Amino acid sequence: MTDITLGIIGGGQLGSMLAISAKKLNIKTIIYCDDSDAPAQNFCDKFISGNYNDKEKIIEFVNLVNCVTFEFENIPFETLNEINKLKPVLPKPSVNRIIQHRLAEKDFVNNLNIRTTRYASVESESEIDSLEDLLPGILKTTTLGYDGKGQYPINSIEELSSLNIDFSQGYILEKLVKLKKEISIIITRFNNQKYEIYEPIENNHENQILKFSKIPAEIDKKIYDQSKDWAMSIAEELKYVGTLCVEFFIDRNDNLYVNEIAPRVHNSGHLTINAYNVSQFENHVRAVCGLEQIPLKKLSNATMVNLIGDQISEYRKVAKFKENEFFFDYLKKEIKEKRKMGHFTTLI
């Protein structure tokens, strides 16, 4: 073992895969999670369950690790900031402060002269009538929400007015683009101008949940280069350390738009485990722990299918898969509708 112990906040499938990658590098992992049944406890060296605002438990966790990272972005900023006073948190808490708030995130991206869909803040009912030019659109809570949670597709002012919106929390209304394709870029930033960038990944969603990813993405060179350039600009401006995902829309006129930034390893990058010499998870661990940067090498084209809810059951019955097929069971205790239970990667 190395002398490094990595603290990971969050115990879902991303935390699990970070712990697996850390073990490969002889790094111990301690996971802190508010879910006592979290599946990552099957893969880490030590598991601590507690609320994210439980100061005593958090300090117990921090005292056992050298540095801290996280598997999802909705951890309270105050918690990450307090931890960062004791042990380094990477990516740094200020990144989360921007990306936890969809309006701040969109403003940040636009200030880099990078295109997003048109959007507006919605803070009161009186603003609704002036937003017709942003319809059809999607109304989102400015904080929290993922996999379609806290999101409402809206086609008309009447629909918007009939939602009985609770204006005690903020919203953002984003104009829908005439969508041709969705892609994502996974990038690991080690330090100033030091990156490893995976090629663009083409994604398909069902019910606002990622269902299918593949490389190579069927895009032209202009989009290929622009998506990589924009991801580098975002990572550099954030002074990011670790793995980051930028999700993009491509419209029917082949215009590229940044949709969202995920300050962490990402579901669309699961295929990197088998398709590259270094996965997004290993690269994240390498970056946040200050380990050697290894040049990326693509080993194969690949597809990845998310197994949602009971779809996992058929795969669990298979005794042996083909040599180019890889089944990942997240070992979640309970099968729930719309819950990501595992994924299946095929090298092609």
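Two strands count as paired when DSSP finds at least two bridges between them. Strands (E, at least two residues) and helices (H or I, at least four) are DSSP runs, numbered from the N terminus.

This is a predicted model: local features need pLDDT of at least 70, side-chain atom pairs count only at pLDDT 80 or more, and totals for chains, interfaces and linings use all residues. Residues are numbered from 1 along each chain as its sequence is written, and side-chain values use heavy atoms, with hydrogens and water left out.

**Exercise 1.** Work out how strand S1 fits into the sheet.

*Solution.* Start with S1 (residues 5-9), which pairs with S4 in the parallel sense over four bridges. Within S4, Thr 69 is the bridge partner of Ile 8. Now widen the view: the four strands form an open sheet in the order S3-S2-S1-S4, with parallel pairing. S3 (46-49) and S4 (67-70) are the edge strands, each pairing on one side only.

**Exercise 2.** Find which strands helix H2 touches.

*Solution.* H2 (residues 55-62) packs on the sheet and touches S1, S2 (28-33), S3 and S4, where contact means heavy atoms within 4.5 Å. Its direction makes about 170° with that of S2; axes are lines fitted to C-alpha atoms, for helices over the stretch in contact, and angles run from 0 to 180 degrees between N-to-C directions.

**Exercise 3.** Describe the lining of the second largest pocket by class.

*Solution.* Sort the residues: six are nonpolar (Ala, Val, Leu, Ile, Met, Phe, Trp, Tyr, Cys, Pro), five charged (Asp, Glu, Lys, Arg) and two polar (the others, Gly among them). Next, trace them to elements: H2 and helix H3 (77-84) each supply at least two lining residues.
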